[in-house]
Amino acid sequence: MAPLKVWQLQDLSFQTAARILASPVELALVVMKDLSQNFPTKARAITKTAVSSELRTEVEENQKYFKGTLGLQPGDSALFINGLHIDLDTQDIFSLFDVLRNEARVMEGLHRLGIEGLSLHNVLKLNIQPSEADYAVDIRSPAISWVNNLEVDSRYNSWPSSLQELLRPTFPGVIRQIRKNLHNMVFIVDPAHETTAELINIAEMFLSNHIPLRIGFIFVVNDSEDVDGMQDAGVAVLRAYNYVAREVDDYHAFQTLTQIYNKVRTGEKVEVEHVVSVLEKKYPYIKVNSILGIDSAYDQNRKEARGYYEQTGVGPLPVVLFNGMPFEREQLDPDELETITMHKILETTTFFQRAVYLGEVPPDQDVVEYIMNQPNVVPRINSRILTAERDYLDLTASNNFFVDDYARFTILDSPGKTAAVANSMNYLTKKGMSSKEIYDDSFIRPVTFWIVGDFDSPSGRQLLYDAIKHQKSSNNVRISMINNPAKEISYENTQISRAIWAALQTQTSNAAKNFITKMAKEGAAEALAAGADIAEFSVGGMDFSLFKEVFESSKMDFILSHAVYCRDVLKLKKGQRAVISNGRIIGPLEDSELFNQDDFHLLENIILKTSGQKIKSHIQQLRVEEDVASDLVMKVDALLSAQPKGDARIEYQFFEDRHSAIKLRPKEGETYFDVVAVVDPVTREAQRLAPLLLVLAQLINMNLRVFMNCQSKLSDMPLKSFYRYVLEPEISFTSDNSFAKGPIAKFLDMPQSPLFTLNLNTPESWMVESVRTPYDLDNIYLEEVDSIVAAEYELEYLLLEGHCYDITTGQPPRGLQFTLGTSANPVIVDTIVMANLGYFQLKANPGAWILRLRKGRSEDIYRIYSHDGTDSPPDADDVVIVLNNFKSKIIKVKVQKKADMVNEDLLSDGTSENESGFWDSFKWGFTGGQKAEEMKQDKDDIINIFSVASGHLYERFLRIMMLSVLKNTKTPVKFWFLKNYLSPTFKEFIPYMANEYNFQYELVQYKWPRWLHQQTEKQRIIWGYKILFLDVLFPLVVDKFLFVDADQIVRTDLKELRDFSLDGAPYGYTPFCDSRREMDGYRFWKSGYWASHLAGRKYHISALYVVDLKKFRKIAAGDRLRGQYQGLSQDPNSLSNLDQDLPNNMIHQVPIKSLPQEWLWCETWCDDASKKRAKTIDLCNNPMTKEPKLEAAVRIVPEWQDYDQEIKQLQLRFQKEKETGTLYKEKAEEPRREGPQKHEEL
């Protein structure tokens, strides 16, 4: 293990890769695992490996691609499964298996559809996620009253009119004023609604500030003839606007509007009298009644406006369109709308700059025309079609059954029924193919609509009629029908349904289409009902006798089957309508809901854009006949689109793999996963990836390629750790068929001389602790151990993590407190929300839990508004969270202040900040009344002491520190220890010691949040816990605690320190001594950065401090410290003494109260004269002599050895009682209520 020279290190990464690639391919992964996991002992041998130039050049070639396409630097690692990126830092093994299961489902589906091998992977990698494209509606409608027109109004005459102006450079963020209608904003409002006034104000602001926006209004008002403007305020506003627009112009009409709405108070609605008073003032010579009254001639656009609003389907009022695109609901908030609009203007400007630059806009073309010809403009926006929540049928099953055998149909499962329905379909398609397409067999129609409805009712026929009308304009569509009869099925009341079915079964596509179009018109149904003969509706080219035979047969199986299918699979009520487009169920449609030609147009548009065309081009290569091919497109589309929305798959076809990659071929003839890994073999990622890939190779059939991504010119040993990844491919049994002792990490052939520390890397949400080991796992020195070092760990808690926001401010509610429990025991754990990302964590175990706001101020001020990622419906009162797997559970909670508490602040106590004012002190003096707070202190007078330790040596110091506290302090003491790093021996002994010396203790723990910069060294992690999580580590009832370092000896009663006044600071620290002069050269805080930063303040030592948690939480000191830490810790050279540098660095933001010097004496910095006054003695490291701690303790503190002996005696007694089994016997008799040895775990 002798260290290597720098020149030997340089090429280690390439040499390791060469060693791996030189081994037989089936062993390559094993070699990679062995070399990376035991690197420190293998490194010297690897340095003798030669690296071929082919390997080196190929790796360097590939690295250009890795950087360009995958964003990977040399030395980075990545894993891709079927092109999906698996992030090894955030993904634990459980979420990886979820990905594999999802992929397997889709691959099996494709396989069942007959798509195999390479074409399966090509289809799988199609990126057909529903695009987030924003659809827009056409704003070239006469129903819009435009207030201004940038191209013709004289106010804009001074502006340039050429589109070339867009290319003139300006400062970023400047809005260009050009005399073209590039930006059009339409407000669709109900004038009588309370939000309208705000929107009109904003429009007014845009206009008066000369923002280059063309603004238009659509007033949606009551359009029945007998409502006039003297009764209805909305109609009054519309007529007043129209009057002024006709008399003067639209711009003045708009100014009249603003005057009307200026009379309306915020949050109230406009009234008729507001309109009347403005008109009377502006136009005194006109009778108001003639404008607003029953005979008014000013009703332009009243019907059209409502028609436009309903036709475009843009959703509930008010709606604001920007170039036809509706803003989202939350963006209509007045403050938001302004910024969003400016943002949109800049966005549209870049869009036009590009179009002008590429010459796509002819100079003479109207820009509005150009915008409206963009592909995202549709005649109607239907939120049902555009919603992100989509349901798909499973179309992957195949069978040879049909719907005309009802008995057989009923016993099929859901996918089987779907297959039978699909098998039985005959489609209508558009005739009139071009001559080329007639000869081309593979003419595929990528969009399939199944129209579901009762065609013997008007609404069902209407839906079918609109679908057929749409089809006339499109050659991409095929249509078929599913009957969902509203009434009981009988021969008489299914005439039209039977006629449609018979036509589809017997006629050519064209004749059937013409006949069915006739049937779908209302006249046909009425005539048939009146007794007309079906022959009257016969169309040209129709084989009527054949039709009649099927129509009159009494076999009704197909309708019965369809009805069952609608009920069981589509989950529709009788007679409900729906549209199924490529397997996606849109519906059930409400009875009065409009679903017309434009909706079919939009649906087709979306399918072609996202999936239809891409899948079609792949299916064409498979060369199957036309109907089968169209069916395949439909089925593949349903399968791929139903996948959960994830990241896009990555294409990686161009990496060279001759010399620098491990390649494992899949088993022939079976479906396989395509797995690509990019790895540098001497990194921590390689230590994890190699064993993971080995396990995957046993579990799944995969085509594996592992590309080497080596770093050159290393200057440091790349891996200093031994590593084992514990993951078994299957459960193992012993020879007598019982379970083998769980998965184990074995470290064999370890070098004897170095000092090792054992560390665990667990999934983010696990809290694991060591439960059985006699050894000090922080300091493993194998030369001194006879046999093996064994340690047993257990998974103690699963973490529930979350983020919480206040919906009114959008900020995390600082200081909000949550509890987690069950219905029987509502508070098992509690926590506080950090201001950093609104993060909180709660320790839980598998089972169902209820999350609540903590009783008290949290519950008084706030209520839970909504939650996401939980297991109860969003409107349920109780937030239920079920932990039923080992994956991370992260929830989002939104809260809102209760109406009467809007001005309350969570962190104040409901009293003013300086409550001990002048009058308070008077009251205090006269009445002698104690504040409730003081009373509580007396009743529960206890000193909380917090300490951290890791490793047996420091735990020995810790026990002695505790003893020194207990010997000198009269008041009851409660110790708090950080559980994360305590050894099993300490945890076992502490209850015994607590019983012996009459103190309470509690173990606290907190998992380092994943978003906070991670430390890798154990010592620095422990320092982090000393300072970063003080506000969240302790239960919320603790409001003051002292921190005492493990290597300290206390010589006085600590009550004095607890009661020391901090003068409003959140914590007090002792400054470093200046009295020992010979150490001046080591006082780094006297010069350089620290001297200027502290600006005359003292630099404090972190071995002893007192924290007022109430004040600490109130000023959110924890959030500030974490924020500063996050910024500084990215630089490895800053915060070298993390727990001490951080509070000193933050001294200006979070003030420190300096404690008197005698509270902490340490020999390194303080002179001998001051030792006799010392209240605590700390065993600081001495940078000059580097004396070991134990020797220093014996030399400096005379009582130390007595304490040490006393504890040793107690430990011996404890061992003896444990062996003889008398331990805790005498305790068992006394009832364990609130005894002094009270012990809880958090």
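This passage describes the overall make-up of a predicted model and then a number of its sheets, helices, loops and individual residues.

The protein contains 43 helices and 39 strands, and its C-alpha trace spans about 115 × 90 × 70 Å along the principal axes. Of the 1242 residues, 51% are buried. The protein exposes about 58300 Å², and carbon and sulfur atoms supply 51% of that area. When contacts between residues at least 6 apart in sequence are considered, 76% of them join residues at least 24 apart.

Toward the N terminus of the numbering, helix H3, which comprises residues 28-37, has as its buried residues Ala28, Leu29, Met32, Leu35, Ser36 and Gln37. The cover over these buried residues includes helix H2 (12-22) and helix H4 (39-46), and it also includes strand S16 (661-664), strand S17 (673-679), helix H28 (684-699) and strand S18 (702-708).

An open sheet of five strands follows the order S4-S6-S5-S7-S8 and has mixed pairing. Its edge strands are strand S4 (145-146) and strand S8 (325-326), each of which pairs on one side only. Strand S4 pairs with strand S6 (residues 214-219) in the antiparallel sense over two bridges, and within this pairing serine 145 has phenylalanine 217 of S6 as its bridge partner. Helix H13, formed by residues 302-312, lies across strand S5 (184-189), S6 and strand S7 (319-322), and it runs at about 100 degrees to S6. In the loop between H13 and S7 lies proline 318, which is joined to leucine 317 by a cis peptide bond with an omega of about -10 degrees. For context, most peptide bonds are trans.

At the surface, Leu167, Tyr357 and Leu358 make a nonpolar patch of about 340 Å². Leucine 358 belongs to the loop between helix H14 (334-357) and helix H15 (367-372), and, because its relative accessibility is 45%, leucine 358 counts as partly exposed. Glutamine 613, located in helix H26 (residues 597-622), likewise counts as partly exposed, with a relative accessibility of 38%. Although glutamine 613 and arginine 445 are 168 residues apart in sequence, their C-alpha atoms are 9.5 Å apart in space.

A second open sheet, of four strands, has the order S24-S23-S26-S28 with antiparallel pairing. Strand S24 (829-832) and strand S28 (879-883) stand at its edges with a single partner strand each, so one side of each of these strands is left without a neighbour in the sheet. On average, neighbouring strands of this sheet are turned by 25 degrees against each other, direction ignored. Within the sheet, strand S23 (residues 817-821) and strand S26 (residues 847-853) pair in the antiparallel sense over four bridges, and leucine 820 has leucine 851 in S26 as its bridge partner.

Strand S32 (residues 1000-1004) has five of its five residues buried, and it is therefore largely enclosed by the rest of the structure. Both of its faces are covered, with Gln1000, Glu1002 and Val1004 buried on one side and Tyr1001 and Leu1003 buried on the other. Strand S31 (residues 973-978) runs parallel to S32 and is joined to it by five bridges, and phenylalanine 975 stands opposite tyrosine 1001 of S32.

Two asparagines were also examined for their backbone geometry. Most residues other than glycine have a negative phi. Asparagine 998, in the loop between helix H33 (984-997) and S32, has a positive phi near 60 degrees. Asparagine 582, in the loop between strand S14 (577-581) and strand S15 (584-589), also has a positive phi, of about 45 degrees, although it is not a glycine. As for accessibility, asparagine 582 counts as buried because its relative accessibility is 1%, whereas asparagine 998, at 52%, counts as exposed.

Definitions and conventions. Residues numbered from 1 in each chain as written. Predicted model: local features only at pLDDT ≥ 70, side-chain atom pairs only at ≥ 80, totals over all residues. Heavy atoms only, no water. Patch = residues over 30% accessible without salt bridge, like charges linked within 9 Å, V, L, I, M, F, W, Y side chains within 5 Å. Areas by Shrake-Rupley, 256 points an atom, 1.4 Å probe, with all protein chains shown as cover. Salt bridge = Lys/Arg side-chain N within 4 Å of Asp/Glu carboxyl O. Buried < 20%, exposed > 50% of the residue type's maximum accessible area, 1.4 Å probe, protein only. Contact = heavy atoms within 4.5 Å. Pairing = 2+ DSSP bridges. Axes fitted to C-alpha atoms, helices over the stretch in contact; angles between N-to-C directions.
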